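Biologist: Before I use any of the terms for this structure, I would like to hear what each one rests on. Show me the structure, and then we can start with the words used for residue classes.

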Amino acid sequence: MVGGRDYGASQFNRAADAYRQPGSSFKPYVYTTALLNGFKPTSIVVDGPVCIGNWCPQNYGHSYSGAVTLTQAITHSINVVAVKLSIAIGGKGGPKAGRAKIVEVARRFGIKAPLIDTPSLPIGADEVTVIEHSVAYATFPNKGKAVTPHAVLEVRTGAGDLVWRWDRDGKKPTQAIPASVAADMAGMMSHVVSEGTARRAALDGIPAAGKTGTTSAYRDAWFVGYTGNFVCAVWYGNDDYSPTNRMTGGSLPAQ
């Protein structure tokens with residue numbers, strides 16, 4: 001865990017205590033919720049204009065791609081599709097009901113941030129911490145089982161006798177989503193690394209998956225990714241919320 005650039009200059013732990021907008025790195029929770037509600041990685045959604053009330057989300061390039069699969073949409077981080085999925089998931093209950101389902105899934109993964117309801121929640125407007133975001137992503141390679149973050153592996157007495165051990169006494173993983181859905185998500189998110197916004201995160205000979213995130217005015221840049229053994233979240237930004245120098249999640253964070 002790295003909480004900042006210089007502990008001497010600032011003891012604030014940005015990994016554990018800073019709440020920042022995740023941007024598109026929040027979308028895997030949206031896609032997971034869609035898969036839990038009848039969608040498949042191959043399901044088609046039309047990338048085109050959509051509005052919720054007077055809010056009309058735009059894609060990063062201010063253009064539309066037409067009919068795309070869910071895999072293509074997450075690979076190229078299409079905002080409109082994530083919002084349309086939140087509407088579809090809500091069914092007769094409307095977009096608000098869809099967003100409530102997304103929040104419920106994020107909670108199962110381990111997200112504890114407030115996640116206040118807003119139309120832009122599906123594209124990462126609600127703040128999270130780096131540590132809870134990375135812990136939540138561990139659910140994907142862990143066959144759908146959510147884990148509890150911990151730093152202590154064991155406790156011994158001064159004489160060396162074992163008092164407590166995480167793998168024996170710690171909280172056990174809980175099944176947050178079906179293993180089949182976790183596998184589908186891992187497959188979809190692998191395309192983000194192999195041919196999408198996170199190509200700079202590719203590792204020679206090691207399968208990897210993940211998602212980038214970039215927020216308005218380039219204030220936050222994220223990459224959260226995983227292999228079969230490790231999960232890592234990288235966030236770049238300024239403490240005073242000033243913009244970065246046009247940094248995106250697919251640049252330094254993924255790299």
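Modeller: Ala, Val, Leu, Ile, Met, Phe, Trp, Tyr, Cys and Pro count as nonpolar, Asp, Glu, Lys and Arg as charged, and the others, Gly among them, as polar. Please keep in mind that this is a predicted model.

Biologist: With those classes, what makes up the lining of the second largest pocket?

Modeller: That lining divides into 22 polar, six nonpolar and four charged residues. Ser24, Ser77, Asn79 and Thr214 are among the residues that lie nearest the centre of this pocket, and Ser, Asn and Thr fall under polar because they are in neither of the two named groups. Tyr60 also lies nearest the centre. The pocket has a volume of about 780 Å³, and 32 residues line it. Strand β7, residues 209–214, gives the most to this lining, with four residues.

Biologist: What does the lining of the largest pocket hold, by class?

Modeller: It has 22 nonpolar, 13 polar and seven charged residues. Nearest the centre of the largest pocket lie Met1, Val2, Ala15, Val130 and Ala233, and Met, Val and Ala are on the nonpolar list. In total 42 residues line this pocket, and the space in it is about 1200 Å³.

Biologist: Which elements each supply at least two residues of that lining?

Modeller: They are α1 (14–17), α6 (130–137), α7 (166–169) and β9 (231–237). Of the elements, β9 gives the most, with seven residues.

Biologist: Why is Ser77 called buried?

Modeller: Buried means under 20% relative accessible area. Ser77 has 13%, so it is buried. The residue sits in the loop between α3 (70–75) and α4 (79–90).

Biologist: What is noted about the phi of Ser77?

Modeller: Phi of Ser77 is positive, about 55°, although the residue is not a glycine. Arg246 likewise has a positive phi, near 55°, and is not a glycine.

Biologist: Is Arg246 buried or exposed, and how do you know?

Modeller: The cut-off for exposed is over 50%. Arg246 has a relative accessible area of 58%, so it counts as exposed. Its place is in the segment after β9.

Biologist: What makes Ser25 count as buried?

Modeller: Its relative accessibility is 0%, so Ser25 meets the condition for buried. Ser25 lies in the loop between α1 and α2 (27–36).

Biologist: Which residues is Ser25 in contact with, leaving aside neighbours within four places in sequence?

Modeller: They are His133, Tyr137, Lys211, Thr212, Gly213, Trp222 and Val224. Contact here means heavy atoms within 4.5 Å.

Biologist: Why is α6 said to be largely enclosed?

Modeller: Seven of its eight residues are buried, so the rest of the structure largely encloses α6. The buried ones are Val130, Glu132, His133, Ser134, Val135, Ala136 and Tyr137. The helix lies across β7, β8 and β9 and runs at about 30° to β8.

Biologist: How do you know that β7 and β8 pair?

Modeller: Two strands pair if there are at least two bridges between them. Six bridges join β7 to β8, so the condition is met. These two strands run antiparallel. One of the bridges links Ala209 to Tyr226 in β8.

Biologist: What is the count for β8 and β9?

Modeller: There are seven bridges, in the antiparallel sense, so β8 and β9 pair as well. Trp222 has Trp235 in β9 as its bridge partner. A hairpin of four residues joins β8 to β9.

Biologist: In what order do the strands stand in the sheet?

Modeller: The order is β7-β8-β9, in an open sheet of three strands with antiparallel pairing. β7 and β9 are the edge strands, as each pairs on one side only. On average, neighbouring strands of this sheet are turned by 5° against each other, direction ignored.

Biologist: What makes Gly228 exposed?

Modeller: Its relative accessible area is 67%, and the cut-off is over 50%, so Gly228 is exposed. Gly228 is found in the loop between β8 (220–226) and β9. Its C-alpha atom is separated by 7.7 Å from that of Ala208, 20 residues apart along the chain.

Methods. Residues are numbered from 1 along each chain as its sequence is written. This is a predicted model: local features need pLDDT of at least 70, side-chain atom pairs count only at pLDDT 80 or more; totals for chains, interfaces and linings use all residues. Side-chain values use heavy atoms; hydrogens and water are left out. On a 1 Å grid over the protein atoms alone, a cavity is a set of points where a 1.4 Å probe fits but cannot get out, and a pocket is an open set with protein on both sides within 12 Å along at least five of seven lines; lining residues have an atom within 4 Å of a point. Grid points are joined across faces, edges and corners, and a volume is the space filled by probe spheres set on the points. Buried means under 20% relative accessible area, exposed over 50%, partly exposed in between (1.4 Å probe, protein chains only). Axes are lines fitted to C-alpha atoms, for helices over the stretch in contact, and angles run from 0 to 180 degrees between N-to-C directions.
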